[in-house]
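Biologist: Hello! Could you walk me through this protein, one question at a time?

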Amino acid sequence: FTECNDLVDLLDSQSGKQVLSSTHRLIKHREHLILTELKLEAQKKFKISEADFENGSIETPIGTLIFETVEARGDTSKDSIYIDSDKLVFPLELRLWKAGDLFQPIGMTGKKKISKYLKDEKLSLVEKENTWLLTSDDKVVWVLGKRPDERFKVSENTEQILKIELLNG
């Protein structure tokens, strides 16, 4: 960074403002500054076929996704969810979220924009940019590391329970 005035101005600016150099960026997030490397354009979409699903696991740009049919629903965590596998439509897609994406957070009756959800979670700009979705037929199944969608949850009518787990590589 060569312009000291830009850096000083960043201290007094609102959250989300950033200053760029040729290799890095400095982002204001609430009371903190976050320094990140500028990366080349990463792969933003990753298709998961039915064959990948049947293999039980697949390597993705963000880690290994493990698919396992289980007898009973366990505890959901930030790295694993339980869904009704009959509600999935292949191919699944793993991708970065984009403006306009909607989902129905588990436990809620209405839909919510992913952008609003991430803002409510008080994520930094970097965290928001690195939020991935697992989708089926353009419907969000899971905001990875955050929350599954109500439309895919296990119910009394579920015949096959699927556990999906993300192991970060």
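Modeller: Gladly, and we can begin with a term: two strands pair if DSSP finds at least two bridges between them. Helices (H or I, at least four residues) and strands (E, at least two) are DSSP runs, numbered from the N terminus. This is a predicted model, where local features need pLDDT of at least 70, side-chain atom pairs count only at pLDDT 80 or more, and totals for chains, interfaces and linings use all residues. Residues are numbered from 1 along each chain as its sequence is written, and side-chain values use heavy atoms, with hydrogens and water left out.

Biologist: In what order do the strands of the open sheet of 3 strands come?

Modeller: Strand 1 (18–20) and strand 3 (32–37) are the edges, each with a single partner strand, so one side of each has no neighbour in the sheet. The pairing is antiparallel, and the order is 1-2-3.

Biologist: Which residue in strand 2 is the bridge partner of Q18?

Modeller: Strand 1 and strand 2 (residues 24–29) run antiparallel and are joined by 3 bridges. Within strand 2, the partner of Q18 is I27.

Biologist: Moving on to D84, how far away is the nearest side chain of opposite charge?

Modeller: D84 sits in strand 7 (residues 80–84). D84 is buried (under 20% relative accessible area, 1.4 Å probe, protein chains only; over 50% is exposed and in between is partly exposed). Lys and Arg count as positive, Asp and Glu as negative, with His and the chain ends not counted. D84 has no salt bridge (a side-chain nitrogen of Lys or Arg within 4 Å of a carboxyl oxygen of Asp or Glu), and the nearest opposite charge, on K87, is at 4.2 Å.

Biologist: Which backbone nitrogen does the side chain of D84 reach?

Modeller: Leaving out residues up to four places away in sequence, D84 touches F152, K153, V154, T158 and Q160 (contact means heavy atoms within 4.5 Å). Its side chain also reaches a backbone nitrogen at 3.0 Å, that of D86.

Biologist: Is K122 buried or exposed?

Modeller: K122 lies in the loop between helix 3 (114–120) and helix 4 (125–129). Its phi is near 60°, a positive value in a residue other than glycine. At 52% relative accessibility, K122 counts as exposed.

Biologist: Which residue does a cis peptide bond join to F90?

Modeller: The partner is found in the loop between strand 7 and strand 8 (92–96). Omega is about 0° for this bond, and the residue joined to F90 is P91.

Technical notes: A polar contact is a pair of N or O atoms within 3.5 Å; within protein, one must be able to donate a hydrogen and the other to accept it, and residues adjacent in sequence count only if both atoms are side-chain atoms.
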